Amino acid sequence: RKPPPLPRSVRTLSSMRLGAFSPTTPTAGLAQLQRARSASAKVETLYSRVQGRTLTGRRQAIRGTRVPCYSIALPESSVPLPRSIADIDNISVLGYGANLAEDHPGYLDPAYKARRQYIADLARQHEAGGAIADVDYSPEETAVWTQTYCKLRPLLEKHACREYLHLLDQCNFVEDQVPQLQDMADIIHQATGWTIRPTAGLLSPRSFLNGLAFKTFHSTQYIRHPSQPGYTPEPDVVHELLGHVPMLANQHYADLMQCIGIASIGASKAELWHLTKVYWYTVEFGAVKEGGDVKGFGAGVLSSSDELEWFGRHGTPDGPRIEDLDPFGKLPKIDYKGGVQPVYFALDSFADGLELLRSYSDAVTLDHGVGYIDAALHTPRVRL
């Protein structure tokens with residue numbers, strides 16, 4: 001049976017990789033899109049049987065068949081559509097503001113709270129595109145960096161992927177000095193065109209993921225509480241520097257992150273939550289196959305000694321599972337406070353992972369009349 005015709009008012013979907021199409025008839029447009037999509041070897045059959053249904057959502061599963069759908073529907077008025085990085089909020093934070101929550105290690109430490117407030121204010125004063133203010137880290141804060149870095153370094157040599165280790169050396173980290181964000185931003189901008197923007201704390205998933213579409217990584221500058229140097233319930237500058245920054249100088253990895261950001265623009269709440277999982281199981285806790293083994297590249301793995309040691313036990317009866325990543329499928333529930341991950345999702349390579357995430361982003365990205373990011377050319381484009 002033939003697929004039902006598209007509504008007359010359907011707009012053209014902007015495709016970053018396969019090119020935009022302008023169908024003369026709805027059915028011709030669908031046929032053209034079907035032919036273009038079939039060229040992507042990384043996506044299992046996205047167009048199959050659609051019986052008696054009208055394509056009205058972004059993407060929906062019909063009787064178990066994955067079908068990317070498109071519609072004219074603009075996002076709800078509550079969904080922001082940023083035109084530039086300046087439109088994205090870097091101030092409103094979740095979970096742990098300067099006052100902290102009762103389960104935070106620094107909750108009963110007024111001096112630590114005051115320090116956090118001072119550093120958060122630096123982020124509030126920052127203007128998008130401007131230089132990032134340096135933080136004069138105290139001897140106590142530097143000691144936390146030193147202890148964490150020295151403990152992680154031998155574990156990274158053993159369990160981190162080769163791309164990370166190569167870029168880690170280029171960052172020129174030293175054990176007795178906390179790196180400054182602006183220095184790191186200069187390194188990654190020269191390598192991939194990305195930049196770093198300071199934030200007052202943990203951003204909402206929408207704000208954070210939207211920033212990735214504009215090749216901007218939002219980073220904290222405060223350091224975890226000294227009572228628990230091996231643990232932080234939220235991202236801190238140790239996590240950002242040792243976990244995220246080196247890999248942002250790898251073009252395939254940076255483009256992979258941008259694809260997740262592109263797909264988040266105008267996403268519904270349900271879509272955004274799935275994208276958060278995709279981000280979690282790649283950028284935060286991702287793994288990559290390497291020479292018959294599996295190595296870690298996710299920031300949550302690389303910045304935690306406990307996580308790295310646990311990850312290193314994969315392939316043993318009592319170790320974590322390794323599975324292939326499928327961004328189109330259902331992903332496990334995120335457990336923020338449940339300890340180490342029971343399963344890690346592996347890419348065949350960063351090049352293959354980029355193609356997979358590009359295909360996913362193509363399948364869910366709509367043209368809202370605001371514009372889109374061309375990941376292939378690394379160029380933001382906005383239509384007014």
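How many residues does helix α3 have, and how far does α3 reach from its first C-alpha to its last? In this predicted model, α3 runs over residues 139–159, which gives it 21 residues. From end to end, counted between C-alpha atoms, α3 reaches 30 Å, close to the 30 Å expected at 1.5 Å a residue. There is still a kink to look at: α3 bends by about 35° at R153, with a proline, P154, following within four residues.

Next comes the question of what α3 packs against. Its buried residues are E141, T142, V144, W145, T148, Y149, L152, L155, L156 and H159. The cover over these residues includes the helices α2 (110–125), α4 (162–171), α7 (237–244), α10 (299–302) and α11 (305–311), and β6 (293–296) is part of it too.

One of the buried residues of α3, L156, turns up again in the largest nonpolar core, a set of 82 residues. L156 is listed there among the residues with the most contacts inside the core, along with Y164, F173, L241, M257, I260 and Y279. Leaving aside residues up to four places away in sequence, L156 touches Y164, L165, L168, L302 and L308. A second core, separate from that one, is made of six residues, including I85, A213, I262 and I265.

As for the cysteines, C161 has 0% relative accessibility, so it counts as buried. C259 comes out at 1%, and therefore counts as buried as well. A search for disulfides through the whole structure turns up zero of them.

Technical notes: Residues are numbered from 1 along each chain as its sequence is written. This is a predicted model: local features need pLDDT of at least 70, side-chain atom pairs count only at pLDDT 80 or more; totals for chains, interfaces and linings use all residues. Side-chain values use heavy atoms; hydrogens and water are left out. A disulfide is a pair of cysteine sulfur atoms within 2.5 Å. Buried means under 20% relative accessible area, exposed over 50%, partly exposed in between (1.4 Å probe, protein chains only). A nonpolar core is a set of buried Ala, Val, Leu, Ile, Met, Phe, Trp, Tyr and Cys residues joined through side-chain atoms within 4.5 Å. Contact means heavy atoms within 4.5 Å. Helices (H or I, at least four residues) and strands (E, at least two) are DSSP runs, numbered from the N terminus. The expected span of a helix is 1.5 Å times one less than its number of residues. The bend at a residue is the angle between axes fitted to the seven residues ending there and the seven starting there.
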